[in-house]
Amino acid sequence: MRCCFCTRVLRGILSSPKYIEKSGEYDFMRPWLGEGLLTSSGRKWHSHRKIITPTFHFKILEQFVEIFDHQSDVFVEQLRAQAVSGQAFDVFPLVTLYALDVICESAMGTKINAQIHSDSEYVKAVKEITCIIHIRTYDVMARYNSLFNLSPYRRQQDKVLKVLHGYTNSVIQSRRRDLVENNQKSQQDRDREAELGIRRKVAFLDMLLQTTVDGRPLTDVEIREEVDTFMFEGHDTTTSAISFLMYRLARHPEVQRKVYEEIVAVIGADRDRPVTLAMLNELHYLELVVKETLRLYPSVPFYGRKILENCEIEGRTFPAGANVIIMPFFMGRDPEYFEDPQEFRPERFAVETSAEKTNPYRYIPFSAGPRNCIGQKFAMAEIKNVISKVLRHFELLAPDHVPEESFIAEMILRPTYGISLRLKERT
């Protein structure tokens, strides 16, 4: 009865609009993200969630697919440079740069070319701020503001925030000017651009610039908070998912073969054919593989909620101020939730079982309830796109020596020793 009770409590916490306050650990993100969708609560969270949700409508996702496809071409070239030697290499850093390129262009409409210029100031700043957030989560001395403010980490944080906020602010101002100029164009100019096939991609930022809350436009600070939140949530999480997915495909050649056959059946044998959202939606078996990967390796291994007032859920009392920590990593590996949990078996998600119907909170890699991951369709499309591109060019092979699985459970799940792969170019 332990698991049934546990998931009933989870349902009570995650599904209720009363328990949307994030736990104290999320405060360490506020210097970068401010009161964006991840960290805000109350009326601000409700109003911003409402206006941002349509941003991930499938019609808008179609535009993002073009970005996925272009950046995955660059990623393939980075992999090709590694494949020449035939030796094993750590793919995780390359995936990180790919994901950063995708999310920066999708969020802000600008290219930072992280895959080519990995030593750029902005790329380094993103890496440093996520490291500081991790340190504050686990280092007892750094958790308290009074001690943190006296430490070298505070000076480092101020330095990188100047870079991060400075870049986002400059892009916001530039896009505002572009928006004004575009609004001043005559209908004749627009018709001429349409005839020439000139189509301006709309970034997440552009949609925020044209959004109003209670009849007023969002301020530059509010826009920056949401763009930075999109940047934070959208690159580390997909890096983890893509890397562990490639790791599992390399270790399970029969699964990789099925995925490849489906890709060829849907997209065709042309390695360079651009994909569409409709094609990605047809990759049903690949979606099962993604789900199975996230069961074993949820990108966010734990998340928390803060209880603001004394309450009782399923007969258990939770005192005001308590932090409730939810751990999808352990839930996905619990034999009372999943049969043979250590086996990598994508087919387990092919048919919805009665257990899933009665216990939907046993599988929650994207969280659940009102604060579930707003970008999960974006993430699924991005993952499918890059994997479909990689497998059209390469066969993924396990290294001669596969180290024992070991993880670093930061805010994002990371492999302790990286993701070691070999590549064989398809002929």
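Q: What makes a stretch of residues a helix in this predicted model?
A: A helix is a DSSP run of H or I with at least four residues. Helix α7 covers residues 140-143, and Val140 is found in this helix.

Q: Why is Val140 called exposed?
A: The relative accessible area of Val140 is 54%. Exposed means over 50%, so Val140 is exposed.

Q: What makes the nonpolar surface patch that includes Val140?
A: The patch is made by Val140, Met141, Tyr144 and Leu147, and has an area of about 420 Å². A residue of a patch needs over 30% relative accessible area; Val140, with 54%, therefore meets this cut-off.

Q: How do you know that β1 and β11 pair?
A: Two strands pair if DSSP finds at least two bridges between them. Two bridges join β1 to strand β11 (residues 420-425), so the two strands pair, and they run antiparallel. In β11, Leu421 is the bridge partner of Phe89.

Q: Why are β1 and β8 called edge strands?
A: The open sheet has three strands in the order β1-β11-β8, with antiparallel pairing. Strands β1 (89-90) and β8 (394-397) each pair on one side only. Helix α12 (residues 220-251) lies across β8 and β11, at about 85° to β8.

Q: What makes β4 and β7 a pair?
A: Four bridges join strand β4 (residues 303-306) to β7. Pairing needs at least two bridges, so β4 and β7 pair. They run antiparallel, and Arg305 has Val324 in β7 as its bridge partner.

Q: How do the side chains alternate along β7?
A: Val324 and Ile326 point to one face and are buried, whereas Asn323 and Ile325 point to the other and are not. Buried means under 20% relative accessible area.

Note on methods:
Residues are numbered from 1 along each chain as its sequence is written. This is a predicted model: local features need pLDDT of at least 70, side-chain atom pairs count only at pLDDT 80 or more; totals for chains, interfaces and linings use all residues. Side-chain values use heavy atoms; hydrogens and water are left out. Patches are made of residues with over 30% relative accessible area and no salt bridge: like charges are joined within 9 Å, nonpolar side chains (Val, Leu, Ile, Met, Phe, Trp, Tyr) within 5 Å. Accessible areas come from the Shrake-Rupley method with a 1.4 Å probe; for residues, only the protein chains shown count as cover. A salt bridge is a side-chain nitrogen of Lys or Arg within 4 Å of a carboxyl oxygen of Asp or Glu. Buried means under 20% relative accessible area, exposed over 50%, partly exposed in between (1.4 Å probe, protein chains only). Contact means heavy atoms within 4.5 Å. Axes are lines fitted to C-alpha atoms, for helices over the stretch in contact, and angles run from 0 to 180 degrees between N-to-C directions.
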